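Welcome! Have a look at the sequence and the fold below, and then let us walk through a few of the features together.

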Amino acid sequence: MTTLFSYMAQHASQIFGYTITHIEMTSIAVGISILIGVPLGILIGYVHGLNRPVIAIANIVQAIPSMALLGLCIPLLGIGRLPSIVMVIIYSLLPIIKNSYTGITNIDPLLVESSVAIGMTRWQVLSRVKLPLALPVIMAGVRISAVTAVGTMTMAAFIGAGGLGYPIFAGIRTVNNLQILSGAIPACLLALLVDFLMGFIEKLLTPISLQKSFHGRKRSINLAARRRRIKIAIGSFIIIIICLVGTRIIGNYKYNSKELILAGKDYTEQSILMNLYADYIEDKTDIKVTRKSNLGGSQVAYQAIKSREIDMYIDYTGTIYGSIYKHSGETDMQKVYEQCVHDYAKDNVTVLNQCNCNNTYALAVRPDTAKNYGLKTLADLNRVSKELRLGSTIEFQNRNDTMAALRKRYNMSFKSMTAIDGSPRFTAMMNNKVDVIDAWTTDGMLKKFDIVILEDSDQVFPPYYVVPCIRNEVLSKHPELKKLVNELSPLLTNEVMIELNYKVDVEGKEPEAVAREWLTSQGLIR
């Protein structure tokens, strides 16, 4: 527990930043959900033919997994905050719509008839009778949606929107429980705080005569005066928050001709590479680099650079060749690189020079497994693969140049195949839950765990050399970037990246600190 407090104190400023971002996005999503859901729930309470289809659609959408819904939003809305907020809005609507509909339609018909009998219009019946009586039920729906939204918003980190999901995802991938808890604990506390505040507001909005504490006219008058003061204070606070959030949003969208948006994907090496290039560019030019870390994967980054949401990102030749453009069969380093340059040129993106690090796929086993089965190469593994259990990333099991390539070359199959994302697969192998895992040849975990990398003597896996990719339009505005980036790339070797990855994944250092430390030690930046 002391170690956790020490870790959180050390990273307090970052955790605070993630929390503020999380609150901003959640507040916007819940606020819009209320503005849509409550009127819609009231509407279907009056127009009876609409209630079934509207609630049915809301139910269907609610049944879609949050990650799948987020993935569907990316092609339409891009990356960052907008698709994240839209996803949470959609998820928050169902409880609000249902409770608004239920609250309005379950009012005692005798009360409504009495209201009409004394001359109230339909609007007056709604505003003075139905809504006050339905408020407790409506607020219960809002309360559920708000608390759920806090948890769902952690998915935003998957597409570079930040928030408390970032330390959670980063911690899972590096098997860093302290980092996971540094995101999970604030998210949990935030959910509890939201629940408390929504309960307080629910009580504040519920008519005094409907509350259990109602004890007559005199107490009612005193309580009403007190509530008016509280409402004024809360209203003023909400206005201030809206102004602050609005100012921050407007500030984020101010155009800067000297700005470069540089992105990295959702694992350690990508975060390090992003910071290496960003620091180097900022040191050598007057360009301000905005860093978008933790983009979900290759396709997310590809869509982002095509739609001009980012200006530059770091990828791998094998990923561009096999995953993005669906080529297969070629394993020659230069030919794969030239094909990547050719393909990306059609999308108005320039692939700059390759780095000297080849982060290609490999299969790894424990030393005892290698000894017992006589494993040194992939060909050796093929002889006994049906007796062994594979634990690999989802991407490895589905790409044409990985598992499919092994089947094509060796007709390889395993006793079982389990999808384990990120660094937990190393833990699974060391705990004897699986026998074989996929790894990358510059992975910092190779230095941490005592494992055997099987030699790819037949070159089944294509080369995965690091390549910076930048939009042609940006390169035209800042032609100096080409020379700068190409200066740094040759210095990044397999040995360098293994060491830098190790410092983050095992020693627990921050990627930006590791990148800056290395650049400074090499005399590359001031």
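Where does UniProt place the feature "transmembrane region"? The unreviewed entry puts it at residues 28–47, 68–94, 133–160, 180–201 and 232–251. Please keep in mind that the model shown here is predicted.

## Two of the annotated spans

Let us set two of these spans from the record against the coordinates. Residues 28–47 are 95% helix and 0% strand, and the C-alpha atoms at the two ends of this span lie 29 Å apart.

For residues 68–94, the content is 89% helix and 0% strand. Here the end C-alpha atoms are 18 Å apart.

## Where α2 meets α3

Helix α2 covers residues 12–46, and helix α3 covers residues 48–63. Their axes come within 5 Å and cross at roughly 135°. Because angles over 145 degrees would count as roughly antiparallel and 65 to 115 as roughly perpendicular, α2 is oblique to α3.

On the α2 side, the contact is made by L40, L43, I44, G45 and Y46. The α3 side brings in H48, L50, N51, V54 and I55. By residue class, this contact of α2 with α3 has seven nonpolar residues, three polar and no charged.

## Strand β6 and its partners

Further along the chain, strand β6 (residues 389–392) pairs with strand β7 (residues 416–419) in the parallel sense, over four bridges. Within this pairing, G391 stands opposite T418 of β7.

Strand β6 is also joined to strand β8 (residues 436–440) by two bridges, and these strands run parallel. There, L390 stands opposite V436 in β8.

Note on methods. Residues are numbered from 1 along each chain as its sequence is written. This is a predicted model: local features need pLDDT of at least 70, side-chain atom pairs count only at pLDDT 80 or more; totals for chains, interfaces and linings use all residues. Side-chain values use heavy atoms; hydrogens and water are left out. UniProt positions are given in the numbering used here, feature names are shortened, and annotations may be inferred rather than shown by experiment. Two strands pair if DSSP finds at least two bridges between them. Axes are lines fitted to C-alpha atoms, for helices over the stretch in contact, and angles run from 0 to 180 degrees between N-to-C directions. Angles under 35 degrees count as roughly parallel, over 145 as roughly antiparallel, 65 to 115 as roughly perpendicular and the rest as oblique. Contact means heavy atoms within 4.5 Å. Ala, Val, Leu, Ile, Met, Phe, Trp, Tyr, Cys and Pro count as nonpolar, Asp, Glu, Lys and Arg as charged, and the others, Gly among them, as polar.
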